[in-house]
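Q: Could you take me through one part of this model up close? I'd like to start with any enclosed empty space and then see what else is worth a look.

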Amino acid sequence: YNGSAHGINVFAVPFASEQFAQISTITYSLTEDGEYTSENPRYTNHTPTPITVYYKVTFENYNDIIGSRDINILQRDLYVIPTNNQITYGDVPFGVGISYSDNGDSEHNGFSRNENEQNALDVSELSYVFEYSQFDDVGEYHFKATGLKPIDPERDNYNFVYVDADLLVNPKLLTLSWENLSFTYDGFEHYPTPLAAGFVNGDDYVLVPSVSDDSDLPIRARVSPYIAYASFRDEVINYILPEANSVEFIINKLRIVVKPLEFYDEDISASKIYDGEPFNYSIEVDNFDSNDRELIGHNKMDKIEINVKFISPELSEFISPINANTYKTTLSSYRVTFIDSESNVLDFTDCYDIVQEEDVLMIIKQLVIEVEANTMGDIEYDGMDHYYETSNGNFNITNLSSALIENISDDLEFSIGVKFIHSVSKNETSSIKNA
């Protein structure tokens with residue numbers, strides 16, 4: 001089939017004379033015994049079975065020559081080429097169009113003469129046959145078109161050759177979100193939680209977080225954030241994560257509030273009476289159990305060292321007050337260390353924020369010395385002024401311990417003044433004269 005009309009060609013060959021060929025008559029019929037006419041039957045469309053055309057050559061005074069020839073118009077091969085397509089895992093496969101060719105090459109139009117899809121074909125039942133079924137694994141598959149028919153059943157001129165096309169099934173892109181982006185240091189590894197959405201067909205794969213450098217496990221608190229990356233725990237081929245699959249997260253310092261021990265008053269102050277001994281600042285640690293806290297790869301915590309300084313009046317660090325006064329204290333420094341399995345001291349001070357919520361007052365009160373004067377005895381009036389002898393021997397000091405005296409000085413001396421109070425007038429004098 002090529003869109004043109006086709007018939008048989010009969011030629012009278014001169015074997016007796018040239019005149020025979022010139023004036024002989026050729027007629028045609030579709031049956032051997034039927035009526036012969038001068039019209040030569042011609043056919044354009046595909047002939048499912050060959051059509052026999054009879055011919056008769058007549059010339060006066062000669063016997064008629066009767067013969068026949070078959071007309072066989074074969075269907076034209078029309079290659080039906082679907083457009084290659086790609087879909088995402090979970091999509092229902094579909095076609096996006098077809099082209100036609102006479103040799104399998106989509107660049108060559110396979111129709112005859114002025115025919116095209118619109119005037120030659122019925123595409124109402126066009127469909128596609130896929131190797132791929134929805135929810136098969138990603139990869140490359142083939143598919144082809146089917147269901148084309150001639151627009152006119154009487155013009156079944158094309159043999160449809162359905163050519164395979166490529167179907168690429170791509171992984172499905174998930175959406176990624178994160179939870180738990182802030183932690184407080186506790187000696188253990190911490191990671192944020194990656195969450196994926198967009199699974200289909202009941203799929204649900206577990207995501208796991210990691211950091212870029214395994215040598216920098218997210219344990220310690222630090223100022224700069226860690227970077228976490230999400231990946232599938234198991235091998236997954238039908239889904240992919242976004243290229244931006246990372247997030248910043250932070251491990252904050254563990255805040256430790258130090259406070260005075262129980263002997264301090266509610267107003268955050270402590271006091272003692274002067275005893276010649278240094279007044280040491282004693283604290284306890286809140287929200288921290290040194291016997292319970294462990295660190296991955298390390299032994300239990302060794303110790304917390306906290307240093308206090310006196311700021312009013314100011315004393316040198318590590319110096320405790322001795323003399324009577326009111327002192328204001330504050331934290332000056334601290335250090336947190338761990339002991340590893342090889343007895344190395346590991347400094348983890350930067351993982352802690354140790355604070356004292358209020359400055360503490362430490363009061364050293366004056367020592368009240370109870371002094372009892374010895375009696376002077378009776379004196380007869382003699383017109384002279386009489387004074388009390390103030391040497392140490394004339395006094396009894398009842399609450400000055402030998403230990404205190406030793407702490408203060410080996411040669412403790414007192415200078416004590418005495419005044420006389422008149423029993424009636426209450427006048428005070430430094431000496432007595434009258435009876």
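A: Sure, starting with the empty space: this is a predicted model, and the count of cavities of 30 Å³ or more comes to one. The largest cavity holds about 50 Å³ of space. As for who lines it, the residues are Glu115, Ala120, Leu121, Pro150, Arg155, Asp156, Asn157, Tyr158 and Phe160.

Next, have a look at His386. You'll find His386 in the loop between β29 (371-373) and β30 (395-397). His386 counts as buried because its relative accessible area is 19%, and the cut-off for buried is under 20%. Its side chain makes a polar contact with the side chain of Asp382, at 3.0 Å. Leaving aside residues up to four places away in sequence, His386 also touches Ile379, Phe420, Ser431 and Ile432.

Then there's a sheet to trace. Four strands make up an open sheet, running in the order β15-β20-β18-β17, with mixed pairing. At the edges sit β15 (182-184) and β17 (207-211), each of them pairing on one side only. On average, neighbouring strands of this sheet are turned by 35 degrees against each other, direction ignored. Zoom in on β18 (residues 226-232) and β20 (residues 246-252): these two pair in the antiparallel sense, over four bridges. If you want a spot to orient yourself there, Ile227 stands opposite Glu248 in β20.

Technical notes. Residues numbered from 1 in each chain as written. Predicted model: local features only at pLDDT ≥ 70, side-chain atom pairs only at ≥ 80, totals over all residues. Heavy atoms only, no water. Pairing = 2+ DSSP bridges. Axes fitted to C-alpha atoms, helices over the stretch in contact; angles between N-to-C directions. Buried < 20%, exposed > 50% of the residue type's maximum accessible area, 1.4 Å probe, protein only. Polar contact = N/O pair within 3.5 Å; in protein donor to acceptor, adjacent residues only side chain to side chain. Contact = heavy atoms within 4.5 Å. 1 Å grid on protein atoms, 1.4 Å probe; cavity = no way out; pocket = protein on both sides within 12 Å on 5 of 7 lines; lining within 4 Å. Points joined across faces, edges and corners; volume = space filled by probe spheres on them.
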